[in-house]
Amino acid sequence: MHDTDHSTDTIDRTTPARARTDDSDSVGGRIDDTDGSGNGSAGHGGDTVTTAGHTGDAASGAGRAAVPTVDEVAAAAAAASSELASTAPTTRAAWLEAVADALDARVDELVALADEESHLGTARLTGEVARTTGQLRLFAAVLRDGAFLEVVIDHADASATPPKPELRRMLRPTGPVAVFSASNFPFAFSVAGGDTASALAAGCPVIVKAHSAHPRLSRLTATIVTEALHTAGAPEGTFALVEGREQGTALVQHPAITAVGFTGSLAGGRALFDLASQRPAPIPFYGELGSTNPVVITEAALQGEAAHDLARGLAASFTLGVGQFCTNPGLVLVPSGSGFAELVAQAAADTVAGRMLTPGIAEAYAAGTARAAGHPGVRTLLGGETANADSGVPTVLATTAATVLDAPEVLLEEIFGPATLVIEVADDAELHAVLAEVDGALTATVHAAPGGDIAGLVSRLEPIAGRVLFGGWPTGVAVGWAQHHGGPWPATTSLHTSVGASAVRRFQRPIVYQDAPERVLPEALHEANPLGLPRRVDGALELPVPARA
């Protein structure tokens, strides 16, 4: 499984899109656990907690008495929080690089274990380790750059009306963060993935809830991370791993936790979102949930051989990784009578049904495709047959805008797997009517002829997507400074991104110091700028002078 890097139209084995939690539970509004019996209740039970120096096995009672509880790891995180917050950004950058180096040094061992548990293949998994360590090093660069602190200084001005005191503002870490691993990216969106990297970069201790789809890999990764952090000088309590449904709900509800990062299903995420909101002191829940990622193809773009090329591109995109990407192009709007749906079915006809990540995800996929295919007015052009219980059969469905507008709650629902729905629209009015029914998405894609007038279409897509693509396909999320991986509800629960440099902003909060003596200020706000940070002083942007070689 690998993603397409659309900046070059080549295959990029280090650029996955989004992971999912185990929908065997989350499709019912419950939270992932090992045996599928979860009911979303909180408590410690007999689940496992793993910290530095400990490894646990949720299936074995041996040694559990020596394993700390969620209360204990949360207390350790809270105790470490102040030290992490006061640590220089360059020091934290060195910690992240140490973790990246440690993971790279054991890549063969990690990949072998990941393949045993996920069956994703060594090539895909090797690339994913590279993406994971690349993310860690990106956030190290963010820390050394310093702009993430958003330092602003306004000096006092007694002549202003009203008189202005001295104000010094910056972003500070929120405190301990709970991170939920996801199933289909066992590295990049898991124990040492983007949420962990960005939270540590912000200066927040992290407690990760392991995913039941890859427990042994989670424990090994956690051991590597904790050892690397300890060797690099990070304080005890900087990082821990917990396992089990009850530990996950206990984490979200624990008073020491100040924010939650989650990537997965709408139902599972909503259950945790509600827990976070219902706490006596509610906390931010940064969930990346469901997305249909609409694609609009204009009539001019479907002329001649271009239609076949687009059909092949779409087929490759929606079947990539057995369709288990949240950026999967699930809705494709084309002109009526174009015959494009048939071309897509032909292009995908030779794609072999692949094993999905968990039985629960496979069951949810089969149910979702059956529900859509069984709706009156929907044609099944590919798929529909029964495959092995754990497999996802590529499916191409086709219908009209009128049918969709009659039942948007059925036909515009995300199907997580290798399926796409081609919707024929008679005119711009039908196109915009369908788009008005589409929920918030991570991406929206436009395929148009060069020079085509698409300004109105782009204006319609901007409010419903976090990333708008022109050409190419959405199943690729480059990791960089400008990336935004988010969108309106239900794509995400906030305005923030979970991928890219600004993902660190989720785990920071602004604080202003008024007329404060310098001895109590964070070093970042000292007048002499000893950290060499970019900052805005009395309205003017000041950039640090680069050191001479």
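What follows is a conversation between a student and a tutor about a predicted model and the terms used to describe it.

Student: How do you know how confident the predictor is in this chain?
Tutor: The chain averages a pLDDT of 88, and 87% of the residues score at least 70. Over residues 1-47, however, the pLDDT is below 50, although this stretch has 165 contacts in the model beyond near neighbours in sequence. Residues 51-66 also stay under 50, and for them the model has 24 contacts beyond four places in sequence.

Student: Why is Arg355 called exposed?
Tutor: Exposed means over 50% relative accessible area, and Arg355 has 51% relative accessibility, so Arg355 counts as exposed. This residue is found in strand S13, which covers residues 354-355.

Student: What does Arg355 touch, if residues up to four places away in sequence are not counted?
Tutor: Arg355 touches His119, Val322, Gln324, Asp390 and Ser391. In addition, the C-alpha atoms of Arg355 and Val393 are separated by 9.1 Å, while the two residues are 38 residues apart along the chain.

Student: Why is Asp515 called partly exposed, and why is Asn293 called buried?
Tutor: Buried means under 20%, and partly exposed lies between that value and 50%. Asp515, at 48% relative accessibility, therefore counts as partly exposed, whereas Asn293, at 0%, counts as buried.

Student: What is the phi of Asn293, and what is the phi of Asp515?
Tutor: Most residues other than glycine have a negative phi. Asn293, which is not a glycine, has a positive phi of about 50°, and its place is in the loop between strand S10 (285-288) and strand S11 (295-297). Asp515 is likewise a residue other than glycine with a positive phi, near 50°, and it sits in the loop between S20 and strand S21 (535-537).

Student: Which peptide bond at Pro162 is cis, and which at Pro490?
Tutor: Most peptide bonds are trans. The bond that joins Thr161 and Pro162 is cis, with an omega of about -5°, and Pro162 lies in the loop between strand S4 (151-154) and strand S5 (167-173). The bond that joins Trp489 and Pro490 is cis as well, with an omega of about 10°, and Pro490 lies in the loop between strand S19 (465-470) and strand S20 (508-514).

Student: What makes helix H8 mostly covered?
Tutor: A residue is buried when its relative accessible area is under 20%, and eight of the nine residues of H8 (residues 245-253) are buried. Among them are Arg245, Glu246, Leu251 and Val252.

Student: Which residues have the most contacts inside the largest nonpolar core?
Tutor: They are Leu96, Phe139, Val151, Phe239 and Phe507, in a core of 70 residues. Apart from it lies another core, of 25 residues, which includes Ala401, Val425, Leu461 and Ala465. Leaving aside neighbours within four places in sequence, Leu96 is in contact with residues including Leu136, Phe139 and Ala197.

Student: How do you know where empty space is left inside?
Tutor: Rolling a probe the size of a water molecule over the atoms shows where empty space is left. The structure holds seven cavities of 30 Å³ or more, and the largest cavity has a volume of about 170 Å³. The largest cavity is lined by 18 residues, of which Gly330, Glu413, Glu414, Ile415 and Ala419 lie nearest its centre. This lining divides into ten nonpolar, six polar and two charged residues, and its largest share, three residues, comes from strand S17 (residues 419-425).

Methods:
Residues numbered from 1 in each chain as written. Predicted model: local features only at pLDDT ≥ 70, side-chain atom pairs only at ≥ 80, totals over all residues. Heavy atoms only, no water. 1 Å grid on protein atoms, 1.4 Å probe; cavity = no way out; pocket = protein on both sides within 12 Å on 5 of 7 lines; lining within 4 Å. Points joined across faces, edges and corners; volume = space filled by probe spheres on them. Helix = DSSP H or I, 4+ residues; strand = E, 2+ residues; numbered from the N terminus. Nonpolar A, V, L, I, M, F, W, Y, C, P; charged D, E, K, R; others polar. Buried < 20%, exposed > 50% of the residue type's maximum accessible area, 1.4 Å probe, protein only. pLDDT = per-residue confidence, 0-100. Contact = heavy atoms within 4.5 Å. Core = buried A, V, L, I, M, F, W, Y, C linked by side-chain atoms within 4.5 Å.
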